[in-house]
Amino acid sequence: MGAQLLTFGAAFLGSAVESVEALTIVLAVGLTRGWRSPLLGTLSALVLLGLLVAIFGQLIVTRVPELTLKLIIGTLIVLFGLRWLHKAVLRSAGVVALHDENRAYANTLEELRDAREQHDWIGFVLALKGVFLEGLEVVFIVIAVGGTSGGMGVAVAGGLLAMVVVAGAGVVVRKPLAQVPENTLKYAVGIILTSVGTFWAAEGMGAQWPLDFVSILGLAVLYFVATRIAIMLIRRPALA
Amino acid sequence: MSFLRSAISEVVGLFVGDWFQSVTSVVILAVGWLALTRFHVAGLAFAMALALAVQLVLATSAEARRKKA
């Protein structure tokens, strides 16, 4: 039950962060060029991402031995999680500016302004590219946590629910979700993924963790303390 | 073509932000693997996690110093 919750939580939070970024692009395109092309682009990207999950998820679950899967996917999750933590630490410490959805929205509008006279496929391609590229991280999280924990359905459900929630919020608000604390979410997902990745990678290497799955909590505490130390060491006033 | 390039760099970027940090993490995991297969001591897995945590602190501090300079 705990493993399933963790799988669902990691997929949900990771998908929510990336969905917010994808929504910003789709909104910018839709509100300036009309909704038909960006919605088609979004739908095409979602179909492509769904295919990736289906193909790679199936291959991983049916073809790769469990220990090898844990070692390889665990290692990849550690690298992925550390990258998110690295960025979250630098943003929390004020070394790198926080991701700003309003600025991303303005940049996309600027990009579209130059292309106003061209055909509508630009709206399609921009939405397709934005949703597909942001979605690749979601695909990795879903396949990695779902495939290794044996809860692919739970991971897919977590990822899909987050997309639906964010899309719903976008339909209601009709502007970028700038109030979503993206850095905090990335920080939390980075801690979860790095802890889970370390747990699985070590199991794939043949290690036996004391208290089995509960050890992930200990690893999460370790990585959380490390990031607080890092932030404390490098903190300086937030960038404007 | 530019879409393909973006997709490839996005996939690489999933795991690599700073090459030095990523290589260090892989080396720590590889050394941990060798040690675990040789010695079978439970504490080694925690030592490996501790090493990863320490390298995170060092890598972020180093990048912060570089950006300040």
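Chain B has a mean pLDDT of 86, with 97% of its residues at 70 or more; pLDDT is the predictor's confidence in each residue, from 0 to 100. The whole thing is a predicted model, so local features need pLDDT of at least 70 and side-chain atom pairs count only at pLDDT 80 or more, while totals for chains, interfaces and linings use all residues. Residues are numbered from 1 along each chain as its sequence is written, and chains are lettered from A and ligands numbered from 1 in the order in which they are written. The model scores ipTM 0.88 and pTM 0.80.

Let's stay with chain B. Its secondary structure is three helices and zero strands, which reads α-α-α along the sequence. Helices here are DSSP runs (H or I, at least four residues), as are strands (E, at least two), numbered from the N terminus. What is the radius of gyration of chain B, and what would a compact globule of 69 residues have? Chain B has 16 Å, against a value near 11 Å for the globule; the radius is taken over C-alpha atoms, and the globule rule is 2.2 Å times the number of residues to the power 0.38. Along its principal axes, the C-alpha trace of chain B spans about 50 × 35 × 10 Å. Just 25% of its 69 residues count as buried, that is, with 20 or more other C-beta atoms within 10 Å of their own, the C-beta atoms being placed from the backbone.

Now for where the chains meet. The contact takes 37 residues from chain A and 33 from chain B, two residues being in contact if their C-beta atoms, placed from the backbone, lie within 7 Å. On the chain A side, the elements giving two or more residues are H3 (66-92), H5 (121-149), H7 (182-204) and H8 (215-234). H3(A) gives the largest share, 12 residues.

H7(A) is worth a closer look. Of its 23 residues, 20 are buried. Its end C-alpha atoms are 32 Å apart, which agrees with the 33 Å that 23 residues should span at 1.5 Å a residue, because the expected span is 1.5 Å times one less than the number of residues. After H7(A) comes Gly206(A), with a positive phi near 105°.

Finally, the largest nonpolar core has 87 residues, and Ala10(A), Ile77(A), Val142(A), Val196(A) and Leu56(B) touch the most other members. Such a core is a set of buried Ala, Val, Leu, Ile, Met, Phe, Trp, Tyr and Cys residues joined through C-beta atoms within 7 Å. Leaving aside residues up to four places away in sequence, Val142(A) touches Ala11(A), Val53(A), Ala155(A), Val156(A) and Gly159(A).

Key: Buried ≥ 20, exposed ≤ 12 C-beta atoms within 10 Å, placed from the backbone.
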